[in-house]
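Please look through the points below with the model open. They go residue by residue.

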Amino acid sequence: MKANARTLTTRLGKIIQKLRRTYPDFRCALNHENPLQLLIATILSAQCTDERVNQVTPALFTKYRIAAEFAAAPPGELEEFIKSTGFFRNKAKSIRGCCQELVAKHGGEVPRTLAELVPLPGIGRKTANVVLGVAYRRAEGIVVDTHVLRLSRRLGLTRQTTPEKVELALMEITPPSDWIDLSHLLIWHGRKRCNARKPDCIQCEVANLCPQIGVDK
């Protein structure tokens, strides 16, 4: 590991420790009871708030309980359930296509590897990493959403600008044992303190570790 990467790893370790103390109850914000529900909720969360998704999924998950039921759902009927999440036609198509693949190739079960999840319709690395990390506690990558993307740059952890490159940069400086928790901690901090338009730097729990303010030597 290069000297700069070692320095970033040390600083990031301190950030993770502080965020763990700040948010001891951190968790995935999408309500779910099983891996399939988490997969569907994550698809719905694209360009939509988790709060809105959580308003939609109770009725959705009451109507459709297993992959085969989602796969056979009439498009118009499924669209009505998820309409308020935006891009509902594309999301309904992704959900039906994904669940059809689950039934045809995986016995209706959600796979446990990145290689099996990513090829499914509507599933990218972010969604796959969410499911693996939250449902199965398997770390094959790091979830990079808008909060993780923003905070990674603000905290000086990377200069990369795309989710794919930010994920690789974070994986290089983060121990694999922290890959799952890192995303959740940055997401919680991004929502509660370091928001996009007006970050609360004065009250920020990791202000002394942030290059925007002053790094702790």
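**Notes on the predicted model**

1. Phenylalanine 87 sits in the loop that joins helix 5 (75-82) to helix 6 (88-106). This is a predicted model, so please read every point with that in mind.

2. Check the backbone at phenylalanine 87. Its phi is positive, about 50°, although the residue is not a glycine. Most residues other than glycine have a negative phi. Is the residue buried or exposed? Phenylalanine 87 is exposed, because its relative accessible area of 54% is over the 50% cut-off.

3. Glutamine 47 deserves the same check. Phi is near 55° here, a positive value in a residue other than glycine. Glutamine 47 lies in a loop as well, between helix 2 and helix 3 (50-63). With a relative accessible area of 69%, glutamine 47 is exposed; the cut-off for that class is over 50%.

4. Now the aromatic rings. How many aromatic pairs are there? The count comes to three. One of them joins tyrosine 64 and phenylalanine 70, with 5.1 Å centre to centre and 40° between the planes. Why is this pair called tilted rather than stacked or edge-to-face? Because 40° is neither under 30 degrees, as stacking requires, nor over 60, as edge-to-face requires. The centres also meet the distance limit, since 5.1 Å is within 6.5 Å.

5. Both partners of that tilted pair are buried. Tyrosine 64 has 4% relative accessibility, and phenylalanine 70 has a relative accessible area of 1%. Both values fall in the buried class because they are under 20%. Ring pairs also bring in Phe81, so that Tyr64, Phe70 and Phe81 are linked into a cluster.

6. Glutamine 37 is part of helix 2 (residues 35-44). Which class does its accessibility give? Glutamine 37 counts as buried, because 12% relative accessibility is under 20%. Which residues does glutamine 37 touch, leaving out those up to four places away in sequence? The contacts are His32 and Phe61.

7. Glutamine 17 belongs to helix 1 (residues 3-22). Its relative accessible area is 49%. Glutamine 17 is therefore partly exposed, as the exposed class starts over 50%. Please treat that label with the cut-off in view.

8. A last distance to verify concerns glutamine 17 and asparagine 34. They are 17 residues apart in sequence. In space, their C-alpha atoms are 29 Å apart.

Methods
Residues are numbered from 1 along each chain as its sequence is written. This is a predicted model: local features need pLDDT of at least 70, side-chain atom pairs count only at pLDDT 80 or more; totals for chains, interfaces and linings use all residues. Side-chain values use heavy atoms; hydrogens and water are left out. Helices (H or I, at least four residues) and strands (E, at least two) are DSSP runs, numbered from the N terminus. Buried means under 20% relative accessible area, exposed over 50%, partly exposed in between (1.4 Å probe, protein chains only). Rings of Phe, Tyr and Trp (its six-membered ring) pair if their centres lie within 6.5 Å; planes under 30 degrees apart count as stacked, over 60 as edge-to-face and the rest as tilted. Contact means heavy atoms within 4.5 Å.
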